[in-house]
Amino acid sequence: MRLTIVGSGYVGLVSGACFADFGHDVTCVDKAEDKIARLNRGEMPIYEPGLDDLVARNVAAGRLTFTQDLAASIKGADAVFIAVGTPSRRGDGHADLSYVHAAAKEIGEQIDGYTVVVTKSTVPVGTGDEVERIIRAANPAAEFGVVSNPEFLREGAAIDDFKRPDRIVIGAEDERATEVMRQVYRPLYLNAAPLLVTRRRTAELIKYAGNAFLATKITFINEIADLCEKVGANVQDVARGIGLDNRIGSKFLHAGPGYGGSCFPKDTLALLKTAQDHEAPQRIVEAVVAVNDNRKRAMGRKIVQAMDGDVRGKTVAVLGLTFKPNTDDMRDSPALAVIQTLQDAGATVVAFDPEGMEQARPLLSDVTYATGAYEAIDGADAVAILTEWDAFRALDLDRVRTLLKSPVLVDLRNIYPPEEVAAKGFRYVSVGR
Ligand code: UDX
């Protein structure tokens, strides 16, 4: 099949490369000249494990191309995926759909022959109707169907998530479009991935409801962790104890500094806006958003507490800046609020992250960046682990102890066994244990 992906960002690029790997003929389009030039040189604009090899393999096989020429890429395509950004609109938290609408208009102008237009960007309920209207207005004679096909990729595991999904969701209003989508995903559901076909608005809501539920699960266990600290319980054991109940499930019950990233913060806010517009308030999600926001600064205060409540003139070594490991993404990372809180309290921050420092620089001021974990720790008054990168799981604690001015280790990801660290002579503070 011939597939066009409009928008070569995270979702577009991963989806395009994976579709090509399934044998489809894929063109990835982006307006950004430098991005397309870099992709054509084999350089990835994002950090995602395995993506460079996947892209190189499919480019070499002639199944994957990159272009700025949207018009040419639409001609003859069986399906065109809209995978452009939907950032939170400044001021009101609504998803900004201007890129989606602009893409729909351009696609509409170019359609020839029956084409399925697929929204893969995370878009509020009803966006498919609007995309259909825009295409119809741009090209009254066009033969097309508009389908919602949300993605559930996790950064750092995106290729695996795409190739071995828990489910594929297709929201369509007619059988012809559904059939094209069945063909697009044939290699996957032959792999036994369940294919869920719904109406279009339902598919759009599935994505938001899913992300809001996961954000709720994380926030729930984070509050239970706070309670564990007060009553002397262990949140990891509580999580295991409840997670073994199949109705609850063990995933997304790791207590930590709060969720961040490109999806949960933005999608929960957009869901609340949709809920408000339709007068169906989502009070649970409202609470989740508020609790998670407060938590990030609270984690900064937790570090201050661990340093006897006074960090003025002291240095904190921060290990991990990205919102989770195996990504360079700093969007809504808890580290931003944690570091700001430390600085507000008078601390100096030295940071190290294996991939995120370049993205962090414009977002943080007055932070010194180290070239490695031990360099960051050298001479600091405390070390705080904010992201669970593998590189921080096996630190030489004796070396850490000798490099630190005072032996304070704050582990906001619970990656070390408390007894082991305490036995090395540290004051060890973790989350909910
Ligand atoms: C998420 C969804 O998982 C994915 O399905 C959707 O398509 C996009 O949003 P992603 O943002 O890449 O993916 O990361 P994810 O692994 O889900 O983690 C999100 C945040 O939650 C991170 O900040 C992570 O540290 C935090 N988290 C996750 C926890 O604090 N505890 C957990 O148990 C799980």
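## Strand S4 and its partners

In this predicted model, S4 and strand S5 (residues 115-119) run parallel and share four bridges. One of the matched pairs puts alanine 79 of S4 across from valine 116 in S5. To get from S4 to S5 the chain goes through H5, and that β-α-β crossover is right-handed.

S4 is covered on both faces: Ala79 and Phe81 on one side are buried, and so are Val80 and Ile82 on the other. Alanine 79 also has leucine 3 standing opposite, and that takes us over to S1.

## Strand S1, between S4 and S2

S1 pairs with S4 (residues 79-82) in the parallel sense, again over four bridges. Besides the leucine 3 and alanine 79 match, isoleucine 5 sits opposite phenylalanine 81 of S4.

S1 also has strand S2 (residues 25-29) as a parallel partner, and here five bridges do the joining. Leucine 3 turns up once more, this time facing valine 26 in S2. The route from S1 to S2 passes through helix H1 (residues 10-21), and the resulting β-α-β crossover is right-handed. As for burial, S1 (residues 2-6) is mostly covered, with four of its five residues buried.

## Helices H5 and H6

H5 was the helix in the S4-to-S5 crossover, and it has a helix packed against it too. Helix H5 (residues 98-110) and helix H6 (residues 127-138) meet at about 40 degrees, and their axes are 8 Å apart. Since oblique covers whatever falls outside the bands under 35, 65 to 115 and over 145 degrees, H5 and H6 count as oblique to each other. Their crossing is right-handed.

If you want to look at the contact itself, the H5 side consists of Val100, His101, Ala104, Lys105, Ile107, Gly108 and Glu109, and H6 contributes Thr127, Val131, Ile134, Ile135 and Ala138.

## Helices H10 and H13

Further along the chain there's another helix pair to look at. Helix H10 (residues 200-231) packs with helix H13 (residues 283-306) at an angle of about 55 degrees, the axes being 9 Å apart. That angle makes H10 oblique to H13. This crossing is left-handed.

On the H10 side, the contact residues are Ala212, Ala215, Thr216, Thr219, Asn222 and Glu223; on the H13 side they are Ile284, Val285, Val288, Val291, Asn292 and Arg295.

## The six-stranded sheet

Six strands form an open sheet with parallel pairing, in the order S11-S10-S9-S12-S13-S14. Strand S11 (367-369) and strand S14 (427-429) are the edge strands with a single partner each, so one side of each has no neighbour in the sheet. From one strand to the next, the twist averages 20 degrees.

At the S11 edge, strand S10 (residues 348-352) pairs with S11 in the parallel sense through three bridges. Alanine 351 is the residue opposite tyrosine 369 of S11. H13 packs on this sheet as well, touching strand S9 (315-319), strand S12 (382-385), strand S13 (408-411) and S14, and its direction makes about 160 degrees with that of S13.

## Loops around the sheet

Two aspartates are worth a click if you're checking backbone torsions. Aspartate 308, in the loop between H13 and S9, has a positive phi of about 65 degrees although it isn't a glycine. It has 12 C-beta neighbours inside 10 Å, so aspartate 308 counts as exposed. Aspartate 366 lies in the loop between helix H15 (357-360) and S11, and its phi is positive too, near 60 degrees, again in a residue other than glycine. With 8 C-beta neighbours inside 10 Å, aspartate 366 counts as exposed.

Now for a real glycine: is glycine 320 buried or exposed? It's buried, because 28 other C-beta atoms lie within 10 Å, where 20 or more is the cut-off. Glycine 320 belongs to the loop between S9 and helix H14 (334-344). Neighbours within four places in sequence aside, glycine 320 touches Ala335, Asp353, Ile385, Leu386, Thr387, Trp389 and Phe392. To get a sense of scale, the C-alpha atoms of glycine 320 and valine 180 are separated by 43 Å, and these two residues are 140 residues apart along the chain.

Methods. Residues are numbered from 1 along each chain as its sequence is written. This is a predicted model: local features need pLDDT of at least 70, side-chain atom pairs count only at pLDDT 80 or more; totals for chains, interfaces and linings use all residues. Two strands pair if DSSP finds at least two bridges between them. A crossover is right-handed if, with the strands pointing away from the viewer, the path from the first strand over the helix to the second runs clockwise. Axes are lines fitted to C-alpha atoms, for helices over the stretch in contact, and angles run from 0 to 180 degrees between N-to-C directions. A crossing is left-handed if the near helix is turned anticlockwise from the far one by less than a right angle, and right-handed if clockwise. Two residues are in contact if their C-beta atoms, placed from the backbone, lie within 7 Å.
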